[in-house]
Amino acid sequence: MMRPSPYDWLESSLDAIHRADWHRSVKPLLGKPGPVIEREGQILLNFGGNDYLGLAGDARLAQAAIAAIQTYGTGSTGSRLITGHRMVHDQLEHAIAQLKQTEAAIVFSSGYLANLGTVSALVGKRDVILADQYNHSSLKQGAILSGATMMEYRHCDLANLQQQLRDQRAKFRRCLIVTDSVFSMDGDLCPLPPLLDLAETYEAMVLVDEAHATGVFGQTGAGCVDYWGCTGRPLVQVGTLSKALGSLGGYVAGSATLIDFLRNRAPSWIYTTGLAPADTAAALAAVQVIQQEPQRRDRLWQRVDALRQNLQSSYPALPKGFQWLPSQSPILCLQVDRPATALHLSQTLQSLGLFVPAVRPPTVRTSRLRITLMATHTSAQVEQLANALKTVIGG
Ligand SMILES: *Cc1c(COP(=O)(O)O)cnc(C)c1O
């Protein structure tokens with residue numbers, strides 16, 4: 001008889017994932033990212049990335065990265081506190097602080113690590129985290145790592161948040177309210193001004209995750225904090241360098257005290273190798289581009305408006321179980337009844353030459369198609385998307 005292996009459970013667990021239509025795998029993209037991509041031997045219109053301004057394939061970012069490699073080499077060789085700190089890190093941190101109009105900023109090796117390190121540095125066992133139920137995974141994991149008590153409030157429901165503050169605040173030492181500013185799998189926005197008012201009333205800190213807002217919202221691309229007129233209010237702003245900024249890495253922006261504290265207390269910054277010079281320099285170039293070229297943002301919003309208008313006019317009635325989720329961003333989601341439906345729609349769109357990913361549990365509770373637009377899509381490409389959606393949803 002074969003002895004059972006302690007790894008047998010992996011296969012049965014994967015079987016269960018397959019049976020639920022939740023299984024995922026990776027497919028390589030060929031060439032540079034952009035509105036048109038090559039995937040699985042097919043040329044496709046790309047409505048699946050987070051490269052909202054089309055900067056990930058921009059020659060200026062590539063040039064900046066190449067120059068940084070020639071100056072500094074490929075690796076940072078150590079943590080920022082020992083040998084991993086370069087002038088280019090300082091330059092990027094200053095540029096982010098200037099963009100966000102904060103005293104200081106600090107860059108992490110990814111947005112995920114920025115959230116893990118920041119949440120776990122700001123609160124501990126005697127504290128409470130109040131979190132929007134649709135927050136990003138990195139914020140949820142940061143809460144677990146911190147050891148604080150975590151309570152979720154209903155999505156964007158400030159009455160529910162206020163009730164929890166009223167009931168819970170006095171039982172804990174510190175309180176941290178945590179929210180995405182643009183919800184990554186829904187496309188709607190956190191109502192930031194009244195949330196900050198509530199936080200002030202109940203003496204709570206606020207961490208806002210601007211991952212999908214930086215470069216996209218606000219006059220200079222500073223994000224939703226600027227869009228909502230909240231620049232300068234006491235806040236912990238986190239974000240990523242890997243979406244509209246087209247590079248890799250994460251950041252925190254805020255008071256000089258906050259940033260100094262994180263350099264001393266955020267384990268995911270202290271005990272990891274500094275962001276690579278190439279990624280740092282590419283992000284720095286991107287911060288300059290987003291400030292100098294507001295027309296990229298204008299064009300992105302033109303595409304968003306065109307798609308919304310097209311979908312509102314002359315659109316077939318949605319089948320039962322289908323629903324457009326309310327969106328205020330370049331992320332537009334069609335929620336469907338089952339994971340298999342989302343997969344089927346995505347595959348049908350692919351056969352029509354479009355890449356529109358299906359997002360399924362456990363990333364979200366209800367499956368959906370997630371459409372993202374880019375500044376570099378042409379209006380004809382957006383129209384093609386709208387027509388294809390009509391075809392697949394209609395029949
Ligand atoms: C993508 C994302 C992150 C993680 O950023 P990375 O730089 O990709 O690690 C964090 N928060 C939100 C809301 C995100 O969408």
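**Around the ligand, and the spaces in the protein**

Colleague: How do the residues of the shell around the ligand divide into nonpolar, polar and charged?

Modeller: Happy to sort them (Ala, Val, Leu, Ile, Met, Phe, Trp, Tyr, Cys and Pro count as nonpolar, Asp, Glu, Lys and Arg as charged, and the others, Gly among them, as polar). This is a predicted model, where local features need pLDDT of at least 70 and side-chain atom pairs pLDDT 80 or more, while totals for chains, interfaces and linings use all residues. Residues are numbered from 1 along each chain as its sequence is written, and side-chain values use heavy atoms, without hydrogens and water. The shell divides into two nonpolar, three charged and ten polar residues.

Colleague: Which helix gives the largest share of that shell?

Modeller: A residue belongs here if one of its heavy atoms lies within 4 Å of the ligand, and 15 residues surround it, with Gly111, Asp209, His212, Thr240 and Lys243 coming nearest. Helices (H or I, at least four residues) and strands (E, at least two) are DSSP runs, numbered from the N terminus. Three shell residues come from residues 111-122, and that is helix H4.

Colleague: Which residue has a polar side-chain atom 2.5 Å from a nitrogen atom of the ligand?

Modeller: Let's go through the polar contacts (pairs of N or O atoms within 3.5 Å). A backbone N or O atom of Tyr112 is 2.9 Å from a ligand oxygen atom, and a side-chain N or O atom of His212 is 2.6 Å from an oxygen atom of the ligand. The partner of the nitrogen atom at 2.5 Å is Asp209.

Colleague: How much of the ligand's accessible area does the protein cover?

Modeller: On its own, the ligand has 380 Å² of accessible area, from the Shrake-Rupley method with a 1.4 Å probe. The protein covers a share of 86%.

Colleague: What is the volume of the largest cavity?

Modeller: Rolling a probe the size of a water molecule over the atoms shows where empty space is left. On a 1 Å grid over the protein atoms alone, a cavity is a set of points where a 1.4 Å probe fits but cannot get out, a pocket is an open set with protein on both sides within 12 Å along at least five of seven lines, and lining residues have an atom within 4 Å of a point. Points join across faces, edges and corners, and a volume is the space filled by probe spheres set on them. Two cavities reach 30 Å³ or more, and the largest has about 40 Å³.

Colleague: Which element gives the most to the lining of the largest cavity?

Modeller: Val304, Leu307, Arg308, Ser327, Ser329, Pro330, Ile331, Leu332 and Leu373 form that lining. Two elements give two or more residues to it: helix H12 (294-312) and strand E12 (331-335). By class, the lining has six nonpolar, two polar and one charged residues. The top contributor, with three residues, is H12.

Colleague: How much space lies in the second largest cavity?

Modeller: Its lining is made of Lys100, Ala222, Val225, Asp226, Thr231 and Gln237. These divide into two nonpolar, two polar and two charged residues. The space inside is about 30 Å³.

Colleague: Which helix gives the most to the lining of the second largest pocket?

Modeller: This pocket holds about 410 Å³ of space, and among its 24 lining residues Val206, Arg233, Pro234, Leu235 and Val236 lie nearest its centre. Twelve of the lining residues are nonpolar, seven polar and five charged. At least two lining residues each come from helix H7 (192-201), strand E8 (205-209), strand E9 (236-240) and strand E10 (250-254). The most, three residues, come from H7.

Definitions and conventions:
Polar contact = N/O pair within 3.5 Å; in protein donor to acceptor, adjacent residues only side chain to side chain.
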